[in-house]
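Subject: The structure you asked about

Hi,

Here is the structure, ready for you to open alongside this email. Have a look at it first, then read on.

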Amino acid sequence: MGTGGRRGTRSGKGTEGAATAASPCLYRCIECNREARELYRDYSHGVLKITICKSCQKPVDKYIEYDPVIILINAILCKAQAYRHILFNTKINIHGKLCIFCLLCEAYLRWWQLQDSSQSTAPDDLIRYAKEWDFYRMFVIASFEQAAFFAGIFAFLWVEQPTTAEKKPNLVLLLKALLLSSYGKLLLIPAVIWEHDYTPLCLKLIKVFVLTSNFQAIRVTLNTSRRLSLLAVLSGLLLESAMVCFFQRMEWDVGSDCAVYKPQDF
């Protein structure tokens, strides 16, 4: 990674630069999760040296020398070190936009399934108008179900965390981590565009991948056990399933066209 890695380190100087000796601990060691004051030190004329963690005696963050593609591959493999680098040692503010885009992908999948399952003899203008509102409705439903999933996680952690953690968890950072770790939903669109006999299986695998990423995000952000992270994800799924049942019952009661909609993995 020699020359390319050095270029990557210099380019990250604005956002990942070394902190002064008097500054608070702003970073985390990606190996042991200990706090660190700096990621690297700039001596002179671009001579940089990665900081060594005082706890584990390993580089605080080796990924500052890696290309973004390598970091992405490690994140896809759900490596804790890659998650710590992204969440603690970089300044990524795309979680809001990513959340909206993922919800749009999810709404499109639901809308596509709804159109495939419904037939109408109404005039073309009326059909287009109804289809447009169906998409908006799917977006709102997907938003509420995702909110229920996050609420279930936070509720479980609020009940459980005081007995298992030494300090209060950073819920804002956890929300950011959950939003970023849901990036797997972007795969829904290719799965729909290139439809084939294994599309239902692909959708299930995407669901498993997203949940696995959420599990790893909780574990890394809170530095907690696998058991607690798994229970948190299951609690979120439970509340999300309750929200799905609520919308199904409500749509059936009002006689909506969505009564023919069969919820899939998302």
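Below is what I found, going from the overall picture to the details.

First, a caution: this is a predicted model. The mean pLDDT of the chain is 79, and 76% of the residues reach 70 or more. Both ends deserve some care. Residues 1-23 stay under 50 in pLDDT, and the model gives them 39 contacts beyond four places in sequence. Residues 252-266 also stay under 50, with 33 such contacts. I'd read those two stretches with the pLDDT colouring switched on.

Now the overall build. You'll find 10 helices and 4 strands in the chain. Starting at the N terminus, two helices come before the four strands, and the rest of the elements are helices. Of the contacts between residues at least 6 apart in sequence, 68% join residues at least 24 apart. Buried residues account for 41% of the 266 in the chain. As for the outside, about 15,500 Å² is exposed, and carbon and sulfur atoms supply 62% of that.

One helix to look at is α4, residues 80-88. How many of its 9 residues are buried? The count is 7, so α4 is largely enclosed by the rest of the structure. The buried ones are Ala 80, Ala 82, Tyr 83, Arg 84, His 85, Leu 87 and Phe 88. Notice that Arg 84 and His 85 are on that list, along with Tyr 83.

Then there is the empty space inside. Rolling a probe the size of a water molecule over the atoms shows where such space is left. With a cut-off of 30 Å³ or more, the count comes to 1 cavity, and the largest cavity holds about 110 Å³ of space.

Which residues sit nearest the centre of that cavity? They are Phe 149, Lys 185, Lys 207, Val 210 and Glu 240, out of 14 residues in the lining. Two elements give two or more residues to this lining: α6 (124-160) and α9 (199-222). Helix α6 provides the largest share, with 5 residues. By class, the lining of the largest cavity has 6 nonpolar, 3 polar and 5 charged residues.

If you want a place to start in the viewer, try α4 with its buried residues, then go to α6 and α9 around the largest cavity.

Cheers

Definitions and conventions
Residues numbered from 1 in each chain as written. Predicted model: local features only at pLDDT ≥ 70, side-chain atom pairs only at ≥ 80, totals over all residues. Heavy atoms only, no water. 1 Å grid on protein atoms, 1.4 Å probe; cavity = no way out; pocket = protein on both sides within 12 Å on 5 of 7 lines; lining within 4 Å. Points joined across faces, edges and corners; volume = space filled by probe spheres on them. Nonpolar A, V, L, I, M, F, W, Y, C, P; charged D, E, K, R; others polar. Buried < 20%, exposed > 50% of the residue type's maximum accessible area, 1.4 Å probe, protein only. Contact = heavy atoms within 4.5 Å. Areas by Shrake-Rupley, 256 points an atom, 1.4 Å probe, with all protein chains shown as cover. pLDDT = per-residue confidence, 0-100.
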